[in-house]
Amino acid sequence: MNIAEVNKIFRKSIIKGYFEPELLNLDFKKSNVKHPTIQDDGLMQSRLLHVFFDVDTGCDYPDGDEWFIVDMLFPYNIKIPDNMKGPDYFTTISVENGKIFWHHRELIRYKYGKSKKLKESLEFLETKYKELHSLVEPLEKDLK
């Protein structure tokens, strides 16, 4: 196996063995939304914002066993306010038929060398989810 394959296996193990069960304990549930580029299922606390784990990006890096990318998807093709656009909040992702969804990508570093930071990473993920959810919550009235 090469480093990319090993890192993907390790990342999936950490996600399935730790992050997903812990998020389910925090009232997340399986998402029924499909991500346009990530094949695995996501999680959600509400229908507004869905969490997906990207195990492919950066898996060829030597330290790729220490982090992964989480993609928080707002799966609606609506206009959002300009103050919500940008790398700190939401950028676009293309889907079929010329539509766009909004998403935010965040690097989750759960290990630093031999030191694991799983709990801190989970807390960061939950905090970021709540922050972004609070931004999209007012848009719920515009959804059909």
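Visitor: Which residue in strand 6 is the bridge partner of Leu-73?

Guide: That partner is His-103. Bear in mind that we are reading a predicted model. Leu-73 belongs to strand 4, and strand 4 and strand 6 (residues 100-109) pair in the antiparallel sense over eight bridges.

Visitor: And which residue of strand 3 should I look for on the other side of the pairing, opposite Leu-73 in strand 4?

Guide: Look for His-50, which stands opposite Leu-73. Strand 3 (residues 50-54) pairs with strand 4 in the antiparallel sense too, over five bridges.

Visitor: How do I read the side chains of strand 4: which ones point one way and which the other?

Guide: The general idea comes first: side chains in a regular strand alternate between the two faces of the sheet. Here, Trp-67, Ile-69, Asp-71 and Leu-73 point one way, while Phe-68, Val-70, Met-72 and Phe-74 point the other way.

Visitor: How many residues of strand 4 are buried?

Guide: Eight of the eight residues in strand 4 (residues 67-74) are buried. Phe-68 is a good one to click on, as its relative accessibility is 0% and it therefore counts as buried.

Visitor: What does the ring of Phe-68 do with the ring of Phe-19?

Guide: For any pair of aromatic rings, we give the distance of the centres and the angle of the planes. The structure holds nine aromatic pairs. In the pair of Phe-19 and Phe-68, the centres are 5.2 Å apart and the planes stand at 85°, so this pair is edge-to-face. Phe-19 sits in helix 1 (residues 3-25) and Phe-68 in strand 4, so the contact ties together parts that are 49 residues apart in sequence. Phe-53 and Phe-68 are also an edge-to-face pair, with 5.5 Å from centre to centre and 75° between the planes. That pair links strand 3, home of Phe-53, to strand 4 across 15 residues. Phe-53 is buried, with a relative accessible area of 4%.

Visitor: Which residues make up the cluster that these ring pairs link?

Guide: The cluster is made of Tyr-18, Phe-19, Phe-53, Phe-68 and Tyr-110.

Visitor: Where does the charged end of Arg-11 sit?

Guide: Over the ring of Trp-67, at 4.6 Å from its centre.

Visitor: Let's turn to charges. How many salt bridges does a search of the whole structure find?

Guide: It finds 16. A helpful way to read a salt bridge is to ask what it joins and how covered its partners are. Glu-66 and Arg-109 meet with 2.9 Å from N to O. Glu-66 lies in the loop between strand 3 and strand 4, and Arg-109 in strand 6, so the bridge ties together parts that are 43 residues apart in sequence. Glu-66, at 14% relative accessibility, counts as buried, whereas Arg-109, at 22%, counts as partly exposed.

Visitor: Lys-111 and Asp-65 also form a salt bridge; are both buried or exposed?

Guide: Both are buried. Their side chains meet at 3.4 Å, N to O. Lys-111 is in strand 7 (residues 111-112) and Asp-65 in the loop between strand 3 and strand 4, so the pair ties together parts that are 46 residues apart in sequence.

Visitor: One last feature: which residue takes a positive phi in the hairpin of strand 5 and strand 6?

Guide: Asn-97 does, with a phi near 60°, in a hairpin with five residues between the strands. Strand 5 (residues 91-94) and strand 6 pair in the antiparallel sense over four bridges, and Ser-94 has Ile-100 as its bridge partner in strand 6.

Key
Residues are numbered from 1 along each chain as its sequence is written. This is a predicted model: local features need pLDDT of at least 70, side-chain atom pairs count only at pLDDT 80 or more; totals for chains, interfaces and linings use all residues. Side-chain values use heavy atoms; hydrogens and water are left out. Buried means under 20% relative accessible area, exposed over 50%, partly exposed in between (1.4 Å probe, protein chains only). Helices (H or I, at least four residues) and strands (E, at least two) are DSSP runs, numbered from the N terminus. Two strands pair if DSSP finds at least two bridges between them. Rings of Phe, Tyr and Trp (its six-membered ring) pair if their centres lie within 6.5 Å; planes under 30 degrees apart count as stacked, over 60 as edge-to-face and the rest as tilted. A charge sits over a ring if NZ of Lys or CZ of Arg is within 6 Å of the ring centre and within 35 degrees of the ring normal. A salt bridge is a side-chain nitrogen of Lys or Arg within 4 Å of a carboxyl oxygen of Asp or Glu.
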